[in-house]
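Biologist: Please take a close look at one buried-or-exposed question for me, and then at the space around it. Which side chain would you start from, and what lies about it?

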Amino acid sequence: MLCTRLTNAHILTMDPDHPVAHDLGIWRGRVVGLDEAVTGLPAREVVDLQGATVLPGFIDSHVHLAWAGLKAATPSIAPCARVEDVLAVVAEATARKAAPGGWVDIAGYDQRALGRHLTAAELDRVSHGRKVFVMHDSGHACVVNSAVLALLPADVPHQDGFLAESAMTAVRRLRLPYSQEELADAIEHAGRACLAEGITACAEAGIGGGLLGHSPVELGAYQLLRDRGRLPLRVQLMAAGDTLHPVGAHADDGIPRSLDLGLRTGFGDDWLSLGALKIYTDGGMMARTAALTAPYEGTTHTGQLQDDPERLTELVVDGHLAGWQLAVHAIGDRAADLALDALERAQTLRPRPDARHRVEHAGLIRPDQLPRFARLGVSAVVQPNFLRYFGDDYADVMGEARAPWMYRGRGFLDHGVTLVGSSDRPVTDGSPLRAIQFMVERTSLSGRRIGPDEGVTVDEALRAYTVAGAYACRWDDSAGSLTPGKRADLVVLGDDPRRVDPSRIGDIEVVATLVDGREGKRL
């Protein structure tokens, strides 16, 4: 007997051997058959979907759940466009903080709305004796007041309280780590927001590290949720590259650096597992720290790398030698050169044909870099909603010649590169449907076309959030398509993205999200 049979549905399986179905059978959390194979079987529950569209659950291959959940509970200065309004929000937040000398977090900072960066002196006026930390929306920078600057070593660079990349990391390391209970609550909150958008699995893009890690024992917060039955969706955890340390492994193992006990990609189960090793090479376009080969338009500034290029390369190589899948953050084309060079060196030293290494973001990729992605078998994990929401600004700072190279779609696919969709939540909107709409239209919220030749078909965009996401996360044997034997993780939509006008895709209703065949499932 089936646990559940979905009937009278328009099922897009993403399986080329059986692309469309009307019935789907579920038993013990798995798809057991389609159409005639299950139509006549008894079931404990029969759900008539009245023609609704069913797809495999969306996979968001690059998110920050803890950060997203914490940000949702943090005072925000968005969408303030005047310094006076920003300072009023900060003043209110610091006045509510009970203990003088304590830390006050502020979210929603984006200097573009103000036309310049805040300064430490401005924050000092409204600090009320507290330490103020204003997080940039990109996650790659912050502004702090003088009370925080006084705690930093003299060699940490800043511009009137603005700190980017490794300098921001120095500030974050002054903080006591968040407790596992606090992180667990934040992760659960963000995970439920993902479920509401049709996402059934995601990859948390960097735990335990200096840039965004919230605790040296951050993985424990996820295990806490798992143990208590509160993990809303499947989560794969990327360990930050700076959590690796030298180990005394046997010489035959060829492992120069590792996590303790040799833990690496693949450890865990269907609900919680270790994914790729996350390595940052540069910053971001929003903070103007993405590393470019030519300056940002109208400036002499080319962004920055996170560290000395050779040290970054060694980290990539060591991670590969230790058996990790690698997720190398590279937004600018100069950073992408470094990432591709390092991955090529690693594969030369120890070939691993199915390593499935990934470049996260791939924000600005020159035409000459596309064949290298293909030759190395590297996936491109892009965030289409970056251009939907920030595309006007990004196109301006890249200039007319480079704007079509941003967050490519067609260019990757035409070169045989696996194109993977993701959000980088909470940097911007996490909705897969709105991202899919952009991938097809290549149109920002203002109506500006950005690299229209990089547009893909609706089917190709859906694949980026299902089949390709499963491949990039090494879940392709159990997720990404509604194929018998795979997990019964699926999303029910109010309309078919392939049949509506592309401009309506982002507004399609998410009717239900099922994990293990149950709606809004808790473990």
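Modeller: A polar contact is a pair of N or O atoms within 3.5 Å; within protein, one must be able to donate a hydrogen and the other to accept it, and neighbours in sequence count only through two side-chain atoms. The model is predicted, so local features need pLDDT of at least 70 and side-chain atom pairs 80 or more, while totals for chains, interfaces and linings use all residues. Residues are numbered from 1 along each chain, and side-chain values use heavy atoms, without hydrogens or water.

Start with arginine 358. It sits in strand 19, residues 358–361; strands (E, at least two residues) and helices (H or I, at least four) are DSSP runs, numbered from the N terminus. Arginine 358 has 0% relative accessibility, so it counts as buried (under 20%; exposed is over 50%). Its side chain makes a polar contact with the side chain of glutamate 360, at 2.8 Å. A polar atom of the arginine 358 side chain also lies 2.7 Å from the backbone oxygen of serine 61.

Now the neighbours, in contact (heavy atoms within 4.5 Å). Leaving out residues up to four places away in sequence, arginine 358 touches Ser61, Met238, Gln325, Leu326, Ala327 and Val328, among others. Val378, Ser379, Val381, Ala472 and Cys473 are also on its list.

Next, the empty space. A cavity is a set of 1 Å grid points where a 1.4 Å probe fits but cannot get out; a pocket is open, with protein on both sides within 12 Å along at least five of seven lines; lining residues have an atom within 4 Å of a point. The whole structure has 4 cavities of 30 Å³ or more, with volume taken as the space filled by probe spheres on the joined points. The largest cavity holds about 130 Å³. It is lined by 20 residues, with Ser138, His140, His329, His361 and Asp424 closest to its centre. Strand 17 and helix 13 (384–398) each give at least two residues to that lining. The second largest cavity holds about 70 Å³. Its lining includes Pro56, Gly57, Ile59, Thr200, Arg487 and Asp489.

The largest pocket offers about 910 Å³. Its lining has 35 residues, and Leu70, Asp105, Arg175, Tyr178 and His214 lie nearest the centre. Among the elements that give two or more residues are helix 2 (65–72), helix 3 (83–96), strand 10 (131–136) and helix 8 (180–196). Strand 9 gives the most, with 5 residues.

Two of those helices deserve a look. In helix 3, the buried residues are Val83, Val86, Leu87, Val90, Ala91, Ala93 and Thr94. Their cover includes strand 9, helix 4 (111–114), helix 5 (120–124) and strand 10. In helix 8, the buried residues include Leu183, Ala184, Ile187, Glu188, Cys194 and Leu195. The buried residues of helix 8 pack against helix 2, strand 13 (199–207), helix 9 (219–228) and strand 23 (510–515). Just after helix 8, glycine 198 takes a positive phi of about 90°.

The second largest pocket offers about 530 Å³. It has 23 lining residues, with Asp242, Tyr280, Gln306, Asp307 and Leu315 nearest its centre. Helix 7, strand 17 (272–280) and helix 10 (309–321) each supply at least two of them. Helix 10 has the largest share, 4 residues.

How values were computed. Buried means under 20% relative accessible area, exposed over 50%, partly exposed in between (1.4 Å probe, protein chains only).
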